[in-house]
Amino acid sequence: MPAHDPATPRTDGEPGDDLDLREEGGLPPVADRPVDRETLATPAEGLDERPQRPKRVVILGAGVAGLVAGFELLRRGHEPLVLEAQNRVGGRIHTLRSFAPGLYAEAGAMRIPRAHDLTLAYCDLFGLERRPFVMGNPRGLVYVGGERMTAEEAGSDPSRLPFELDEHEAGRSADDLWAEAIGDVRELLQAHGDEAWDEIVSRYDSYSLYQFLRIKGFSEGAIEYYAVMNFVESDLNNAVVEVLREDLGGAYVDMQEIVGGMDRLPNAFYGELQRHIRLGAEAHAIEQDEGSVTVHYKTESGRFAARGDYAICTLPFPVLRSVETLVPFSREKQRAIRQLNYHASTKVLFQVRRRRWEELDGITGGATVTDLPIRRMNYPTPDPDTERGVLLASYTWGQDALQWGAMDEETRLEEALDDVSRIHPWIREEYEVGASHAWYGDRWARGAFALFAPGQQSALQEAIVRPEGRIHFAGEHCSLYHAWIQGALESGIRAAREIHEAPDPNRVARVGG
């Protein structure tokens with residue numbers, strides 16, 4: 001569920017190739033503070049060996065960050081206890097399996113970039129098969145201003161689109177305009193490598209995406225053009241550093257998906273950790289003293305407490321706000337918890353009897369761009385074993401997602417059917433059942449992912465990741481890989497290593513758990 005997602009393809013590739021124009025500059029993907037070698041080696045080698053007594057660690061949340069932290073601590077002989085309020089693991093990896101036999105769809109995370117080597121290393125560790133996730137597709141559709149065309153047609157003749165551009169912008173693709181705008185940032189990275197990110201953040205952290213485009217000379221029409229074609233119209237007031245980090249970090253190059261569903265990754269962790277996981281356990285208070293941490297939690301059968309030497313909190317900050325901290329966190333941490341911006345995301349999914357977009361339009365994966373309320377559609381990877389398929393009929397972020405989230409599911413499905421029928425008039429004939437998920441309304445997430453507002457990386461990041469006494473923090477919000485599995489994994493390993501390398505504490509008696 002990323003912050004920026006280009007869809008306008010090159011027209012010189014075959015369907016299924018990566019088609020992001022911004023790969024053409026020749027700069028290798030460079031993330032802001034890329035995963036260090038020690039972290040990248042963790043899936044294969046585990047945490048460093050160091051003789052010590054096992055530490056008891058209470059982990060709040062069985063999303064990917066909590067699972068990897070528990071897994072790596074267990075591998076080094078520690079005693080993790082993972083408390084999860086839901087009856088499943090994975091957090092915002094949520095594969096929906098309420099469709100016809102063999103069909104599934106992703107309510108949350110649905111793809112892995114080639115550049116996310118840590119994520120791929122854990123997939124390899126667990127033997128999870130992957131296949132290409134098609135991003136751009138020349139035969140994908142553009143439906144803007146009431147006109148329907150292919151992505152290839154829109155790319156070759158931008159004048160068919162209804163955006164009012166200045167003379168120097170006319171006839172150019174949105175991606176060409178963007179590539180020119182970020183030329184100075186790309187040059188910095190080419191000249192100085194990873195160290196350039198300090199300068200980039202210093203220059204641009206205070207800018208929103210909209211402000212950045214304006215100072216780069218974009219007209220209002222060009223901003224609309226770029227934002228609609230790249231699904232970021234609802235992101236214009238968020239920090240531009242988020243977009244720069246993803247674009248220049250290769251976040252949309254050679255995407256992959258896990259065959260059989262993305263939940264196979266958290267379920268693989270669960271297979272190793274299940275004796276150390278308590279499901280249906282909602283944390284409601286945390287206290288600590290000089291030698292221990294106690295997490296108070298409730299289940300349907302009563303109230304309990306788990307005491308450990310340390311704790312790792314992976315709860316999203318909007319959820320953590322509802323957990324009582326009996327020893328208050330520092331003012332800086334409290335401010336970060338209150339202020340960190342979380343983005344909304346809503347998905348609406350259709351099971352169809354036949355994948356007629358393949359028969360009639362030759363679309364095999366990829367996306368459709370629209371200015372309709374549904375904003376974008378994603379087509380599934382073709383399955384030769386069935387004619388049925390699950391169409392991601394609407395994938396929205398920000399204000400768009402909040403508007404869909406305000407509807408009941410029946411209304412969401414009906415309104416999405418109306419929009420899709422303008423692009424695929426046959427959809428009602430093939431539609432069978434639908435599903436949806438609005439992450440801002442999800443009790444256990446209260447947002448799809450962290451996404452900095454302008455200035456928040458400089459103002460909040462240090463406090464976001466800093467431990468509070470014996471309580472450490474992890475989750476995608478504790479990494480600069482916001483919205484990605486990679487960020488959850490990186491932060492979970494960091495928190496586990498911090499505890500693993502900490503001096504041996506006084507042993508404490510365990511209560512509950």
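A residue is called partly exposed when its relative accessible area lies between the limit for buried, under 20%, and the limit for exposed, over 50%. In this predicted model, Arg-148 falls in the partly exposed class because its relative accessible area is 35%. Asp-361, with a relative accessible area of 22%, is likewise partly exposed. These two residues form a salt bridge in which the closest N and O atoms are 3.2 Å apart. The contact links distant parts of the chain, since Arg-148 belongs to strand S7 (residues 147–150) and Asp-361 to helix H15 (residues 356–361), 213 residues apart.

The whole structure contains 32 salt bridges. One of them joins Arg-56 to Glu-79, with 3.1 Å between the closest N and O atoms. Arg-56 is located in strand S1 (residues 56–60) and Glu-79 in strand S2 (residues 79–84), so the salt bridge ties together parts that are 23 residues apart in sequence. The relative accessible area of Arg-56 is 18%, and this residue is therefore buried. Glu-79, at 24% relative accessibility, counts as partly exposed.

A further salt bridge connects the side chains of Glu-430 and Arg-356, at an N to O distance of 3.2 Å. This pair also links distant parts of the chain: Glu-430 is in helix H18 (residues 427–430) and Arg-356 in helix H15, 74 residues apart. Glu-430 counts as buried because its relative accessibility is 1%. Arg-356 counts as buried as well, at 14% relative accessibility. Both residues belong to one network, in which salt bridges that share partners join Arg-353, Arg-354, Arg-356, Glu-359, Glu-429 and Glu-430.

Strands S1 and S2 are also connected through their backbones. Strands of a sheet pair through backbone hydrogen bonds, either parallel or antiparallel. S1 and S2 run parallel and are joined by 5 bridges. Within this pairing, Val-58 has Leu-81 of S2 as its bridge partner. Of the 5 residues of S1, 5 are buried, so the strand is largely enclosed by the rest of the structure. In a regular strand the side chains alternate between the two faces of the sheet. Both faces of S1 are covered, with buried Arg-56, Val-58 and Leu-60 on one side and buried Val-57 and Ile-59 on the other.

Another part of the model holds an open sheet of 4 strands with mixed pairing, arranged in the order S12-S11-S10-S14. The edges are taken by strand S12 (302–308) and strand S14 (324–325); each has a single partner strand, so one side of each is left without a neighbour in the sheet. Strand S10 (residues 282–288) pairs with strand S11 (residues 293–299) in the antiparallel sense, over 6 bridges. Opposite Glu-287 stands Thr-294 in S11.

On the surface, Arg-321, Arg-331, Arg-335 and Arg-338 form a positive patch. Residues enter such a patch only with over 30% relative accessible area and no salt bridge. Arg-331 has 58% relative accessibility and therefore counts as exposed. This arginine is part of helix H14 (residues 331–339).

Technical notes
Residues are numbered from 1 along each chain as its sequence is written. This is a predicted model: local features need pLDDT of at least 70, side-chain atom pairs count only at pLDDT 80 or more; totals for chains, interfaces and linings use all residues. Side-chain values use heavy atoms; hydrogens and water are left out. Patches are made of residues with over 30% relative accessible area and no salt bridge: like charges are joined within 9 Å, nonpolar side chains (Val, Leu, Ile, Met, Phe, Trp, Tyr) within 5 Å. Accessible areas come from the Shrake-Rupley method with a 1.4 Å probe; for residues, only the protein chains shown count as cover. A salt bridge is a side-chain nitrogen of Lys or Arg within 4 Å of a carboxyl oxygen of Asp or Glu. Lys and Arg count as positive and Asp and Glu as negative; His and the chain ends are not counted. The place of a charge is taken as NZ of Lys, CZ of Arg, CG of Asp or CD of Glu. Helices (H or I, at least four residues) and strands (E, at least two) are DSSP runs, numbered from the N terminus. Buried means under 20% relative accessible area, exposed over 50%, partly exposed in between (1.4 Å probe, protein chains only). Two strands pair if DSSP finds at least two bridges between them.
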